[in-house]
Amino acid sequence: MIHYSVCPHDCPSTCALEVETANGGTITRVRGARENTYTSGVICSKVARYHERLYHPERLTQPLRRRGDKGNGTFEPIGWDDALDEVAEALLRAEQVHGAEAVWPYFYAGTMGFVMRDGINRLRHAKGYSGQYLTICTTLSFNGFMAGTGRLAGSDPREMARSDLVVIWGSNAASTQINVITHVLKARRDRGAKIVVIDTYRNGTAKQADLFVCVRPGTDGALACGVMHILFRDGHADRDYLAEYTDCPDALEAHLQSKTPAWASAITGVPVETIEELARMIGTTARTFLRLGYGFTRQRNGAFNMHAALSVAAVTGAWRHEGGGAFHNNGDIYHWDRTMIEGLDVRDRNVRILDQSRIGAVLTGDASDLGDGPPITALFIQNTNPMSVAPDLNRVHAGFARKDLFVCVHEQFMTETAEVADIVLPATMFLEHDDLYQGGGHQHALLGPKIVEPPEGCRNNHEVVCALARRVGAEHPGFAMSERELIDRTLRDSGWGDLETLARERWIDCQPPFREAHYLDGFAHADGKYRFSPDWSALKPHGFGPVDTVLPSLPDYWPSIEEANAEMPYRLVTAPSRHYLNSTFNETPTSIRREQCPSAMMHPEDAHELGVTDGAMIRLGNPRGELKISTQVFDGVQRGVVIVESIWPNSAFEDGKGINVLTGADRVAPVGGAAFHDNRIWIRPV
Ligand code: SF4
């Protein structure tokens with residue numbers, strides 16, 4: 001039997017799925033939904049073999065209580081009622097001693113379904129527990145895009161198939177959002193379109209490119225300026241478009257006079273001829289589609305670089321054309337009202353908000369991170385694994401080791417974070433509960449209905465949140481609603497029909513009309529102009545970026561990165577691997593087999609200089625930490641750049657901690673974020 005569902009994982013593709021069941025409810029096959037115009041029948045291999053996760057012998061299926069010392073990995077089974085009572089008692093105890101802000105419900109995008117991901121916020125708001133500012137992924141890139149357009153939306157990503165030139169910039173889409181490749185290859189096949197890939201290493205996406213531009217990490221702003229210099233110089237700037245749609249084209253042109261290809265080359269490491277060729281392709285192709293990826297969001301200057309890259313489309317006026325313009329994420333097209341799911345109507349705006357990426361600093365008692373408020377003494381965690389995925393991992397581990405910290409983790413597997421919990425609760429997977437999704441990388445709202453029964457003993461996030469709410473005295477109408485009632489209510493409140501209709505239709509195509517998506521009636525700023533000179537200081541929320549940092553007023557190279565120096569001459573990028581998705585899937589046998597082992601990809605001349613060969617063990621380090629890893633000699637990267645595809649489990653490393661011991665959690669401009677690809681390191685042969 002065929003059912004329709006949605007991939008719930010932290011991936012902008014949010015693929016519409018066809019799920020086959022047999023034998024009274026066993027999942028036998030998962031594939032892309034052919035009738036969905038974005039998914040087009042294609043999904044990644046890790047989800048196509050989902051039965052490995054769903055029927056994994058190590059799935060958690062019963063509540064567990066820690067025995068002995070914290071983190072020793074020894075647990076005993078307990079009943080659900082006892083487990084929930086203990087968690088509730090711990091949360092109430094923390095509240096009695098230090099106030100409700102001592103409790104921090106902590107979550108992220110292990111599932112992207114609104115009910116299962118965001119329902120934890122209803123508990124937070126109903127109780128006045130500490131808030132969570134979501135900085136770990138998209139803060140920099142979203143803000144950089146919106147600084148230019150005023151809105152998080154762009155050209156219909158399906159238009160890539162009707163483009164003549166697609167520039168995939170900062171995204172290894174072949175590994176991380178396969179549908180981009182589907183539409184781009186269609187353009188090549190049907191129209192002879194060219195593909196440009198701009199990235200820090202020759203990854204799977206770059207191998208598809210007609211032109212691969214290998215850029216030094218964090219220098220995209222310089223590349224964009226070099227390209228725009230040539231566009232003005234060679235008469236490819238659309239002056240009518242600039243006059244009508246942009247804020248200060250004359251100032252930009254004057255500013256770019258000194259941003260020559262030679263200047264850009266010296267900063268980016270990209271040969272002058274390549275920059276010239278890139279600019280020529282963009283300048284002579286009306287239908288140029290800039291597909292801007294999440295690589296931008298992982299550099300300290302990422303918001304600024306995203307805006308600089310986006311500005312290229314405004315210089316050429318590519319927005320005018322079908323198959324042209326730019327796209328990053330469609331978050332602003334959906335106008336969701338999630339009041340009932342998140343309890344937004346009972347939120348107290350005086351309650352402090354803590355930065356998700358700075359969980360290490362928060363748990364180790366940094367007064368400024370705590371807003372000079374009480375310590376966090378109780379964590380309730382769903383959908384994330386900070387003991388592996390959070391930056392500045394040594395500090396995160398130190399925080400979780402605190403004896404006075406109570407931790408409950410509701411999870412599908414015994415993750416690194418579950419291992420240090422006091423209580424572990426077994427969670428359902430997406431095919432075992434109902435939820436509602438939106439495609440960040442496309443334009444569909446989709447229903448993921450419950451298709452199979454969960455293993456006996458597993459409960460979904462909504463059930464657990466409601467059960468805890470009853471025990472800790474949290475009140476909100478959403479706690480009395482079923483998952484399907486919440487979905488129906490959210491659809492109705494948001495103007496997207498109702499559950500019955502969505503269940504029948506499977507998804508809603510929410511794509512705005514062409515003129516709106518291409519900003520042909522004006523950009524989303526009050527004066528309708530694209531901003532070459534954004535007011536960076538107006539971005540909110542204030543207080544999460546570095547103090548007194550002023551961003552340049554026009555696109556430029558802004559060297560606010562962790563630049564290499566004499567002691568740490570290499571720049572480390574912790575790029576996403578093909579078969580893992582953050583720390584999800586790093587428990588499935590085929591993914592582990594295909595990824596083989598953690599390795600540091602480095603240029604042959606760097607390897608030679610260090611005296612190491614392929615497979616040799618080396619140590620990577622910086623003041624935040626160090627680890628041992630295998631060398632992979634690789635000529636698809638610039639000298640001085642090291643790529644470690646991630647995220648391997650902590651247990652894959654000899655010292656028991658993974659790649660994030662090297663990444664930083666310092667505050668990033670303009671309003672916070674986590675610069676996972678922006679690390680200077682030393683390397684020593686072992
Ligand atoms: S490409 Fe992304 S959304 Fe699609 S199946 Fe794979 S992980 Fe899920």
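This report covers a ligand shell, an open sheet and one helix in a predicted model.

**Ligand shell.** The ligand is surrounded by Cys7, His9, Cys11, Ser13, Thr14, Cys15, Ile43, Cys44, Val47, Gln177, Ile178 and Leu581. Eight of the shell residues are nonpolar and four are polar. None is charged.

**Open sheet.** Six strands make up the sheet. Their order is β5-β4-β16-β15-β14-β6, and the pairing is mixed. The edges are β5 and β6, each of which pairs on one side only. From one strand to the next, the twist averages 20 degrees. Strands of a sheet pair through backbone hydrogen bonds, either parallel or antiparallel. Here β4 and β16 run antiparallel, joined by two bridges. Arg65 has Ile423 in β16 as its bridge partner.

The table gives residue ranges for four of these strands.

| Strand | Residues |
|---|---|
| β5 (edge) | 75-77 |
| β6 (edge) | 103-107 |
| β4 | residues 64-66 |
| β16 | residues 423-426 |

**Helix α3.** Helix α3 spans residues 80-98, 19 residues in total. From its first C-alpha to its last it reaches 27 Å. That is close to the 27 Å expected at 1.5 Å a residue. Which residues of α3 are buried? They are Ala83, Leu84, Val87, Ala90, Leu91, Ala94 and Glu95. These residues lie on the same side of α3 because they cover an arc of only 135 degrees around the axis. On the other side of α3, Asp81, Asp82 and Gln96 are exposed.

Notes. Residues numbered from 1 in each chain as written. Predicted model: local features only at pLDDT ≥ 70, side-chain atom pairs only at ≥ 80, totals over all residues. Near = placed C-beta within 6 Å. Nonpolar A, V, L, I, M, F, W, Y, C, P; charged D, E, K, R; others polar. Pairing = 2+ DSSP bridges. Helix = DSSP H or I, 4+ residues; strand = E, 2+ residues; numbered from the N terminus. Axes fitted to C-alpha atoms, helices over the stretch in contact; angles between N-to-C directions. Expected span 1.5 Å × (residues − 1). Buried ≥ 20, exposed ≤ 12 C-beta atoms within 10 Å, placed from the backbone. Arc of directions from axis to C-beta.
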